[in-house]
Amino acid sequence: MKLASLKGGRDGQLILVSRDLKSAVHVGQLVPNLQTALDDWSHYEPQLQALYQQLNTGELSGAFAFDPRACSSPLPRAYQWADGSAYVNHVELVRRARGAEVPESFYQDPLMYQGGSDSFIGPCDDIPLGSEAWGIDFEGEVAVITDDVPMGTTAQQAGQHIKLLMLVNDVSLRGLIPSELQKGFGFFVSKPSSVFSPVAVTPDELEDAWQDYKVHLPLKVDFNNEPFGRADAGKDMTFDFAELVSHAAKTRPLGAGAIVGSGTVSNKQPVNAESAIHNGGIGYSCIAEVRMIETIYSGKPSTPFMRYGDRVRIEMRNARNESIFGAIDQQVVSYCE
């Protein structure tokens, strides 16, 4: 099943989207928004699935052409947005670039920060920011949405609470991160509003690519209309989504609609210029990673961060080359009050 939210009101207007992402239908007569559906998922999910099947077979009246530009995030705001760092390879590169070792605990206990969740940006909307000097970066990720997760849920239990998946652009301001982390309280101003794919999907839409609570497909990241990253989201993922959800619920319950992210998708590859796509590598899911690799092999970074007018596109396709979530497709612009 594929779900999206049209812009309108703080929580959007829930629609069902066909498997091929070509058509959609309003379901407000059943449930007004995705948060309400997640609040009572066991009640609404079977009814939405029945309508979804009718939409895909052309039996449902009222269908209209699906336009991702008319969409907000599937959850325009959420009670919880917790982003992990499941790809320890990314952390290894960060540490290696500054001559530091990765603590052994990082391989047993996930890193995770709590992001702002009251103002997500739509998947095709501009990213407004106040200064290019902030070191503007994108981060291509995968995320899951849960139902109610009790405190202390184990990793063996957590998988059953994963109800939907999305793609993420976890916008980061690299120039603001160091001084903020030095204060010892973690990210805040260096992590502006995040962005999610036009469509959230149930795990069955991933077919065989959803195994061991990982998505075994390449994450396609294009920067200014050029291939930038094709890292496999299922490869080199140190902590699967069940483990991430369990970690987030270790000391508190998670409310229905909680979003848990994977962190930047990153695969192990040569730490040199051959890692770039145009040199035969798989590329990167954020600019910071290529800058770290450049620092390691040449002594300093040479790839600049984003500037106003730069565009990023993040998408995932199945084995039949069909888009699963639709594409995050947006540009950075100067913020004007």
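Trainee: Which residue stands opposite Ile-314 in strand 20?

Mentor: In this predicted model, Ile-314 faces Ile-328 of strand 20. Gln-330 of strand 20 likewise stands opposite Val-312.

Trainee: What makes strand 19 and strand 20 a pair?

Mentor: Two strands count as paired if at least two bridges are found between them. Strand 19 (residues 311-315) and strand 20 (residues 328-334) are joined over four bridges, in the antiparallel sense. The requirement of at least two is therefore satisfied, and the two strands are called a pair.

Trainee: How do you know that strand 16 and strand 19 pair, and in which sense?

Mentor: Four bridges link strand 16 with strand 19, and the sense is antiparallel. Because at least two bridges suffice, this too is a pair. One of the contacts can be named by residue: Lys-220 has Glu-315 in strand 19 as its bridge partner.

Trainee: What makes strand 16 and strand 17 a hairpin?

Mentor: Strand 16 (residues 220-223) and strand 17 (residues 226-229) run antiparallel and are joined by three bridges, so the criterion of at least two bridges is met. Two residues lie between the strands, and Asn-224 in this turn has a positive phi of about 50 degrees. Phe-223 stands opposite Glu-226 in strand 17.

Trainee: What is the strand order of the open sheet, and how is its pairing described?

Mentor: The open sheet has five strands in the order 7-20-19-16-17, and its pairing is mixed. Strand 7 (127-129) and strand 17 are the edge strands: each has a single partner strand, so one side of each has no neighbour in the sheet. From one strand to the next, the twist averages 25 degrees.

Trainee: Why are helix 3 and helix 7 called oblique to each other?

Mentor: The two axes come within 9 Å and cross at roughly 45 degrees. Roughly parallel requires an angle under 35 degrees, roughly perpendicular requires 65 to 115, and roughly antiparallel requires over 145; the rest count as oblique. The crossing angle of roughly 45 degrees falls in none of those ranges, and helix 3 and helix 7 are therefore oblique. As for handedness, helix 3 passes helix 7 in a left-handed crossing.

Trainee: How much space lies in the largest pocket, and which residues are closest to its centre?

Mentor: The largest pocket holds about 1,000 Å³. It is lined by 33 residues, of which Val-94, Arg-174, Ile-177, Leu-181 and Phe-187 are the closest to the centre. Two or more lining residues come from each of strand 5 (81-84), helix 3 (88-97), strand 6 (112-114), helix 5 (177-182) and helix 7 (287-298). Helix 3 gives the largest share, with five residues.

Trainee: How does the lining of the largest pocket divide by residue type?

Mentor: The lining comprises 16 nonpolar, eight polar and nine charged residues. Val, Leu, Ile and Phe count as nonpolar and Arg as charged; among the residues closest to the centre, Arg-174 therefore belongs with the charged residues and Val-94 with the nonpolar ones.

Trainee: What is the volume of the second largest pocket, and which element supplies the largest share of its lining?

Mentor: The volume of the second largest pocket is about 290 Å³. Its lining has 18 residues, and those closest to the centre are Phe-228, Ala-276, His-278, Tyr-284 and Val-290. Helix 7 supplies the largest share, four residues, while strand 17 and helix 7 each contribute at least two. By type, the lining divides into 11 nonpolar, five polar and two charged residues.

Key:
Residues numbered from 1 in each chain as written. Predicted model: local features only at pLDDT ≥ 70, side-chain atom pairs only at ≥ 80, totals over all residues. Heavy atoms only, no water. 1 Å grid on protein atoms, 1.4 Å probe; cavity = no way out; pocket = protein on both sides within 12 Å on 5 of 7 lines; lining within 4 Å. Points joined across faces, edges and corners; volume = space filled by probe spheres on them. Axes fitted to C-alpha atoms, helices over the stretch in contact; angles between N-to-C directions. Left-handed = near helix turned anticlockwise from the far one by under 90°.
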